[in-house]
Amino acid sequence: MKILIIEDDAGLNRGICFALEQEGYEVITARNMKDGYNLFEKENPDAIILDLNLPDGDGLNLCKKIRSYSAGQPQMQHATDRSCPNSDVPLIILTARDMETDEIMGLTSGADDYITKPFSVSVLKIRLQNILNRKQPPTAADNILTSGDISLDVNMLRVFLSGREIDLSMTEFRLLQYFLENKNQVLLKEQILQRIWDCNGNYVEENTLSVNISRLRKKLGSNCIRTIQGMGYLWEDEA
């Protein structure tokens, strides 16, 4: 996937670029609004990471232009008349502005997420992946997830154990889905909290995740979910 980084701080720009390339992303970068918008038009990126304080203007205006252009209403003179396929391109704002009103303005301008500086690159990578996952439409092959005698129907929100339907809460269903999408991979507690509760755990009680894991284990009657001490959990595919 191709990620566009628009960040004027050269060191931070290189750091994010290096971290994402290590994850297998193709990365293109710009250090001002003009170049960033040109790359958006030309390269058709899968996601954008945008700083607000740019040398030639406010990143909020660029965010609005990208959203307006993607709606088929290009605002810059050199924009073509084509219908841009990036109508819902994932966009994460990076900024040193940490006031609640700034975050509200960023999100209402069309951003999918808002991260204040300083920040953890690991958190940025998780949030980027989560947004990409949400934006990516499921294919027919993705509709049914299986592991051993467990099957999960993504579209119908149903789970079967040895052909018998079992009753899960929505939280338990989403947990199971996340595990089946990442079989045999260690999922950090922070990753699971971000994916299931859509936050970094700030508003979740400490034992919420472990309680839901315990309930899921009991309902599945399975030892597939392993606790990785001090890190998180791993789903061992019985197959």
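Buried means under 20% relative accessible area, exposed over 50%, and partly exposed in between, with a 1.4 Å probe and protein chains only. The model is predicted: local features need pLDDT of at least 70, side-chain atom pairs count only at pLDDT 80 or more, and totals for chains, interfaces and linings use all residues. Residues are numbered from 1 along each chain as its sequence is written, and side-chain values use heavy atoms, leaving out hydrogens and water.

**Exercise 1. Classify C17 and C224, then give the disulfide count.**

Step 1. C224 has a relative accessible area of 1%, so C224 is buried.
Step 2. C17 has 14%, so C17 is buried.
Step 3. Apply the disulfide rule: a pair of cysteine sulfur atoms within 2.5 Å. The count is zero.

**Exercise 2. Describe the hairpin of strand 13 and strand 14.**

Step 1. Set the terms. Strands are DSSP runs of E with at least two residues; helices are runs of H or I with at least four; both are numbered from the N terminus. Two strands pair if DSSP finds at least two bridges between them.
Step 2. Strand 13 (residues 225-228) and strand 14 (residues 232-235) run antiparallel, joined by four bridges. In one of them, I225 partners W235.
Step 3. Three residues sit between the strands, and G230 takes a positive phi near 75°.
Step 4. M231 also lies in this loop. Its relative accessibility is 41%, so M231 counts as partly exposed.

**Exercise 3. Locate D113 and R127, and state what their salt bridge ties together.**

Step 1. A salt bridge needs a side-chain nitrogen of Lys or Arg within 4 Å of a carboxyl oxygen of Asp or Glu. The model has 11 by this rule.
Step 2. For D113 and R127, the closest N and O atoms are 3.2 Å apart.
Step 3. D113 lies in strand 7 (residues 113-116) and R127 in helix 5 (residues 121-135), so the pair ties together parts 14 residues apart in sequence.
Step 4. D113 is buried at 14% relative accessibility. R127 is buried at 13%.

**Exercise 4. Analyse the salt bridge of E172 and K219.**

Step 1. The closest N and O atoms are 2.8 Å apart.
Step 2. E172 belongs to helix 6 (residues 170-181) and K219 to helix 8 (residues 208-220); the pair links distant parts of the chain, 47 residues apart.
Step 3. E172 is buried at 3% relative accessibility, whereas K219 is partly exposed at 36%.
Step 4. Elsewhere, salt bridges that share partners join E7, D51 and K117 into one network.
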